[in-house]
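Open the structure in your viewer and keep the sequence panel beside it. The tour goes from one selection to the next and says what is there at each stop.

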Amino acid sequence: MAASTAPPEQTLFVRKATGLVKGWSAFDAFIYAAMAINIVTLGFGYAFTTIAFIPRGALIAAVVLSGLFLIFEVLVWASMISVMPRAGGDYVWQTRVWGGAVGFVLTVTGWWFIIWHWIPIYGQVLAVEVIQPALTILGFTGTSPLHADWWAYSTTDGNGIFVSSMLAAAVSAGVVAVGMRWYARIQKWCFYGGMLGLLVVIALFLFHSQADFISAFNRGATDLYGAGPNAYQEQVAASKEAGASEYAAFASFPVKETLLLIPFLVFWNLWPNWGAAIYGEVRGASDFRKNVYAMGAALVFTTVLTIVTFAAMAHSMGWNFYGILSAGYWGYFVGSVSFMPYPGTLAAFFLDNALLQLVVILLLSLWFVGWAGNVFLSSTRMIFAASFDRILPEWAARVDERTGVPRNALLLMVIPSIPISAMYAYSTDFYTYTLDAVLVFGVAYLGTTLAAVVLPWRRPDLYNNSPIAKYTIFGIPMITVSGTAFALFLGYCLYKWFFDAAYFINNRQSLYYIIGLYGLAIAIYVISRVVRRRQGIDLTVVNREIPVE
């Protein structure tokens, strides 16, 4: 009887093992990383169009150069995964190297709070790359119900962007909720189907001449967007009048201007490590080489794919015209059209058949579906890990026995994203608060990078027993060398984002808002530490131990 009334054994973690299932292979991790560095959504949906802001920068050279720098990122994260292949990624590593306070504040802001603000960004991509082109092809324009323009971001009517944001959140939550094994299947289907669509686009550009493109553009701009019969010529003439018609040649490399493009481009390719938080569910994650292959192959693959796609586009439309369309889209001049220079739309102009045009857009839309899940998936594991460490409430670490999904952690991502999306859609000022969304990730990544630099000395017990201890460069740990190189690259980007107005990030209101998010993270940690101390739990001890998967 005495034994039956005894209090349960108090353990460091919520339970002895996480309960997560290793349901992914290294190839699944490769596809996840390739979807994170998404050429269609993040590349053509924003990053590549920034050539309009720095027209003398060489876009192709910037793609290659930034990819070379990001190899150091791959080496850092592949190393950290092999040392601590645990769910939570950056959170686990930073709390084990820097301690709970620093690690929790940096990662909870970067991997939880700021992700809520990415849902409207995903909603915008869904609108401009899928919904608007499809509705335009189907003839839902002008004053028709839910016409294409209704979905555009507007300071007077935010209904469209709010609905598209909710659709993006629903897609993401849906593919995460079915579990890792089904997620892997879904992203494979999307990857193969999306690649088919992109190969069709590349072929359409390759097998048509510039004269063919001009004719197709004039027809498509007239039939679908109501432009005049000479839309191509009018667009070029308007760009010349505005001084926005000349861009660096395809194979050029003006060093200074190209370097200035890179802080724009990393919005697209900074993410080969996006899956780090889920490597506790990847088989063989302690194998350093497998991690390099998964993330590094995704970085190389998307870089090469980008160059090939642009080369095909340059063949038929001319390299300058992409810059001209980008400048028109960003409002540098008023031309015959102002839509985003989305390759799917431009390639569809070659097809004088609405059904075939729609097929191209829908195939490319699979890039969005395969990408959408990652806005919530990795973050749920960060929340799960913090709950497993007892910093967050224990119910956030509960795992659905059937799917292996931490459903409560998923709800902590989905529910706050709804009011955030509403404020983004209906407030004339709130969108400016989200301008630092990438910067916050840069800060979180810097925390992990510096942790990697000092890992061999700050946690020699972990480093010396890891697979990467044998890798050195001139006697210096490889992880330290790679971390130092990537820290310099991140430092350059952060400096430009903080102090150069050309990147639209150093906004005072956004900075104050982000500081508030960091303040919220600090408050949660302080309250948790006080509560746990009263329960007899020392979070300092917890944050030095490695949980069992």
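A residue is called buried when its relative accessible area is under 20%, exposed when that area is over 50%, and partly exposed in between. What you have open is a predicted model.

**Stop 1: Ser482**

Select Ser482, which is in helix α21. Is Ser482 buried or exposed? Its relative accessible area is 2%, so Ser482 is buried. Now show what surrounds Ser482. Beyond its neighbours within four places in sequence, Ser482 is in contact with Phe72, Leu75 and Val76.

**Stop 2: the nonpolar cores**

In soluble globular proteins, nonpolar side chains tend to be buried together. Select Phe48, Trp118, Phe205, Phe217, Trp271, Trp367 and Phe376: these have the most contacts inside the largest nonpolar core, a set of 191 residues. Which helix gives the most to this core? Colour residues 59-83, helix α3, which supplies 14 residues.

A second core is separate and has six residues, among them Leu20, Phe388, Ala397 and Val399.

Return to Phe376 and show its contacts. Apart from its neighbours within four places in sequence, Phe376 is in contact with Ile119, Ala169, Ser172, Ala173 and Val176, and also with Leu410, Met413, Val414 and Ser417.

**Stop 3: salt bridges**

Side chains of opposite charge can pair when their charged atoms come close. How many salt bridges does a search of the whole structure find? The search finds nine.

Begin with Asp28 and Lys188, which form a salt bridge with their closest N and O atoms 3.4 Å apart. Asp28 is in helix α1 (residues 26-36) and Lys188 is in helix α8 (residues 180-206), so this pair ties together parts that are 160 residues apart in sequence. Asp28 counts as buried, at 4% relative accessibility, whereas Lys188 counts as partly exposed, at 27%.

Next select Glu394 and Arg532, whose side chains meet in a salt bridge at 3.6 Å, N to O. Glu394 is in the loop between α16 (374-388) and α17 (407-426), and Arg532 is in helix α22, so the pair ties together parts that are 138 residues apart in sequence. With a relative accessible area of 34%, Glu394 is partly exposed; Arg532, with 8%, is buried.

Then go to Arg407 and Asp400. Their side chains meet in a salt bridge at 3.2 Å, N to O. Arg407 is partly exposed, with a relative accessible area of 31%, and Asp400 also counts as partly exposed, at 23% relative accessibility.

Add Arg390 to your selection of Glu394 and Arg532. These three residues are joined into one network by salt bridges that share partners.

**Stop 4: positive phi**

Most residues other than glycine have a negative phi. Stay on Arg390, which is not a glycine but has a positive phi of about 75 degrees. Arg390 is in the loop between α16 and α17 and counts as buried, at 5% relative accessibility.

Now select Phe474. Phe474 is not a glycine either, and its phi is positive, about 55 degrees. Where is Phe474? Look in the loop between β1 and β2 (476-477). Phe474 is exposed, with a relative accessible area of 85%.

**Stop 5: Ser466**

Move to Ser466, in the loop between α20 (460-463) and β1 (472-473). Ser466 is buried, with a relative accessible area of 11%. Its side chain reaches the backbone oxygen of Tyr463 at 2.7 Å. For a distance to try in the viewer, take Ser466 and Thr41: from C-alpha to C-alpha they are 37 Å apart in space, and they are 425 residues apart in sequence.

**Stop 6: a nonpolar surface patch**

Finish on the surface. Select Tyr495, Phe498, Phe499, Leu511, Tyr512 and Ile515, which make a nonpolar patch of about 660 Å². Which helices each supply at least two residues of the patch? They are α21 (478-499) and α22 (508-534). Within the patch, pick out Leu511, which lies in helix α22. Leu511 is partly exposed, with a relative accessible area of 33%.

Key
Residues are numbered from 1 along each chain as its sequence is written. This is a predicted model: local features need pLDDT of at least 70, side-chain atom pairs count only at pLDDT 80 or more; totals for chains, interfaces and linings use all residues. Side-chain values use heavy atoms; hydrogens and water are left out. Patches are made of residues with over 30% relative accessible area and no salt bridge: like charges are joined within 9 Å, nonpolar side chains (Val, Leu, Ile, Met, Phe, Trp, Tyr) within 5 Å. Accessible areas come from the Shrake-Rupley method with a 1.4 Å probe; for residues, only the protein chains shown count as cover. A salt bridge is a side-chain nitrogen of Lys or Arg within 4 Å of a carboxyl oxygen of Asp or Glu. Helices (H or I, at least four residues) and strands (E, at least two) are DSSP runs, numbered from the N terminus. Buried means under 20% relative accessible area, exposed over 50%, partly exposed in between (1.4 Å probe, protein chains only). A nonpolar core is a set of buried Ala, Val, Leu, Ile, Met, Phe, Trp, Tyr and Cys residues joined through side-chain atoms within 4.5 Å. Contact means heavy atoms within 4.5 Å. A polar contact is a pair of N or O atoms within 3.5 Å; within protein, one must be able to donate a hydrogen and the other to accept it, and residues adjacent in sequence count only if both atoms are side-chain atoms.
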